[in-house]
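This report guides a first-year reader through selected features of one protein chain. Please keep the sequence and the structure in view while reading.

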Amino acid sequence: MTTTVALFNNKGGVGKTTLAFHLAHMMARLGRRVVAADLDPQANLTSAFFDENQLELFWEPSSHGTILNAVEPILRGLGDIQIPQVREAADRLWVLPGDLGLSRFEDRLSAAWPQGYDGDEAALRTTTAFHRVLHAAGDQVEAELVLIDVGPNLGAINRSALLAADFILIPLAADLFSLQGLRNLGPTLRSWRTSWQENVLKEHAPPGLDMPAGSMRPLGYVVLQHAVRLDRPVKAYDRWLRRIPTEFRRSVLGELTVNQAADPDPYRLATLRNYRSLMPLAQDVRKPMFDLRAADGALGSTARLVRTCFLEFEALAVAVLDRTMQHAVPPSSAGSGGVDASR
């Protein structure tokens with residue numbers, strides 16, 4: 001069974017796509033078969049994996065090689081999804097390419113959501129299209145894990161993308177904006193989950209239609225450190241870092257009574273240091289930062305930082321995989337109306 005994990009924060013600029021790119025590579029390195037699915041209309045994850053010549057081929061109208069092509073029949077009112085093409089990026093790692101044209105699907109998804117409450121099967125087929133696309137992509141290559149990258153908003157595309165996720169991993173920066181992002185994100189996820197499970201799956205699931213359980217279980221969060229500037233001392237960074245555990249429990253987990261979370265917080269899967277000096281080198285050679293070699297310019301102290309980067313991402317990937325195994329989600333409802341009682 002393929003497990004789906006979405007990386008999401010409705011506050012942009014925290015390094016979400018970079019995290020998805022590196023986690024996908026590291027999990028494949030650890031022996032897992034992984035699909036990295038780009039459901040962000042900006043297609044930044046796709047461009048991290050492939051150069052412009054390859055992107056041009058994917059985006060040719062006749063190529064049928066992107067997420068947009070997979071949902072095109074629904075967008076045109078011609079039926080259900082078509083089987084997506086995944087592109088090999090590395091050993092045990094494939095990519096479901098994104099497409100800037102995916103934004104055209106937003107209006108159709110927005111209209112379909114309320115219609116699903118009335119049991120409109122065509123509307124439910126639209127709302128759940130990403131679920132079937134992602135599992136079809138995983139089935140093609142017998143993937144154990146699909147990592148989903150989405151844009152930083154709470155719009156209709158992301159609602160349907162997150163609905164297809166068994167788990168949500170939240171990247172954060174230690175600042176006020178990420179804290180506020182948790183306050184927006186948590187209640188919205190709980191509202192979507194309850195709405196889907198109680199009002200749609202229980203009451204209006206059409207027999208035989210493969211639909212997601214709407215689990216969206218929070219796996220935890222990752223703090224991505226930024227360079228400490230002279231006008232933003234470490235003390236200010238620590239101030240926000242200390243407030244994240246309590247806010248995560250209150251806003252995302254919905255705990256009504258929250259005591260100050262212990263340190264280390266069990267929901268903080270990693271605190272990754274800033275690797276700004278490695279990023280330009282990695283982007284030039286289109287590979288993960290932890291794969292940089294001397295020939296790529298990783299010399300002296302930079303080479304030591306590459307090793308540290310590898311160890312940090314390895315520990316994070318293991319933590320994510322362990323957490324998904326501990327909290328395995330049952331198969332999708334397939335019209336059964338099953339509800340995730342873990343919320």
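Is Asp-91 buried or exposed? The model is predicted, and in it Asp-91 has a relative accessible area of 53%. Because the cut-off for an exposed residue is over 50%, Asp-91 counts as exposed.

## A salt bridge between neighbours

Asp-91 takes part in a salt bridge with Arg-92, and the closest N and O atoms of the pair are 3.1 Å apart. The partner, Arg-92, has a relative accessible area of 26% and is partly exposed. This class lies between the two cut-offs, since a buried residue must have under 20% relative accessible area and an exposed one over 50%.

## Salt bridges across the chain

The whole structure contains 15 salt bridges. One of them joins the side chains of Lys-16 and Asp-149, with a distance of 2.8 Å from N to O. Lys-16 belongs to helix H1 and Asp-149 to strand E5 (residues 145-149), so this pair ties together parts that are 133 residues apart in sequence. Lys-16 and Asp-149 are both buried.

A salt bridge also forms between the side chains of Asp-291 and Arg-29, at 2.6 Å from N to O. This pair links distant parts of the chain, 262 residues apart: Asp-291 is in the loop between H11 and H12, whereas Arg-29 is in helix H1. Asp-291 is buried, because its relative accessibility is 14%. Arg-29, at 37% relative accessibility, is partly exposed. In addition, a network of salt bridges links Asp-80, Glu-121, Arg-125 and Arg-132.

## A negative patch on the surface

Which residues gather in a patch of negative charge on the surface? They are Asp-51, Glu-52, Glu-56 and Glu-60. Asp-51 is located in the loop between helix H2 (44-49) and helix H3 (52-58). Its relative accessibility is 31%, so Asp-51 counts as partly exposed.

## Positive phi angles in loops

Two residues that are not glycine have a positive phi angle in this model: Ala-43, at about 60°, and Arg-286, at about 55°. Ala-43 sits in the loop between strand E2 (34-38) and H2. Arg-286 is placed in the loop between helix H11 (279-285) and helix H12 (301-326).

The accessibility of each residue can also be stated. Ala-43 is buried, because its relative accessibility is 2%. Arg-286, with a relative accessible area of 36%, is partly exposed.

## Contacts of two buried residues

Asn-10 lies in the loop between strand E1 (3-7) and helix H1 (16-29). Why does Asn-10 count as buried? Its relative accessible area is 17%, and the cut-off for a buried residue is under 20%. Apart from residues up to four places away in sequence, Asn-10 touches Pro-152, Asn-153, Leu-154, Gly-181, Asn-184 and Leu-185.

Leu-321 is part of helix H12. With a relative accessibility of 6%, Leu-321 is buried. When its neighbours within four places in sequence are set aside, Leu-321 is in contact with Met-27, Leu-30, Arg-32 and Leu-145. Leu-321 and Arg-32 are 289 residues apart along the chain, while their C-alpha atoms are separated by 9.5 Å.

## Distances through the model

Where is Ala-173 found? Ala-173 is in the loop between strand E6 (167-172) and helix H9 (176-204). This residue is buried, because its relative accessible area is 2%. Ala-173 and Leu-75 are 98 residues apart along the chain, and 36 Å separates their C-alpha atoms.

Pro-114 provides another example, and its place is in helix H5 (residues 105-116). Pro-114 is partly exposed, with a relative accessibility of 44%. Between Pro-114 and Asn-53 there are 41 Å in space, C-alpha to C-alpha, for a separation of 61 residues in sequence.

Key
Residues are numbered from 1 along each chain as its sequence is written. This is a predicted model: local features need pLDDT of at least 70, side-chain atom pairs count only at pLDDT 80 or more; totals for chains, interfaces and linings use all residues. Side-chain values use heavy atoms; hydrogens and water are left out. Patches are made of residues with over 30% relative accessible area and no salt bridge: like charges are joined within 9 Å, nonpolar side chains (Val, Leu, Ile, Met, Phe, Trp, Tyr) within 5 Å. Accessible areas come from the Shrake-Rupley method with a 1.4 Å probe; for residues, only the protein chains shown count as cover. A salt bridge is a side-chain nitrogen of Lys or Arg within 4 Å of a carboxyl oxygen of Asp or Glu. Lys and Arg count as positive and Asp and Glu as negative; His and the chain ends are not counted. The place of a charge is taken as NZ of Lys, CZ of Arg, CG of Asp or CD of Glu. Helices (H or I, at least four residues) and strands (E, at least two) are DSSP runs, numbered from the N terminus. Buried means under 20% relative accessible area, exposed over 50%, partly exposed in between (1.4 Å probe, protein chains only). Contact means heavy atoms within 4.5 Å.
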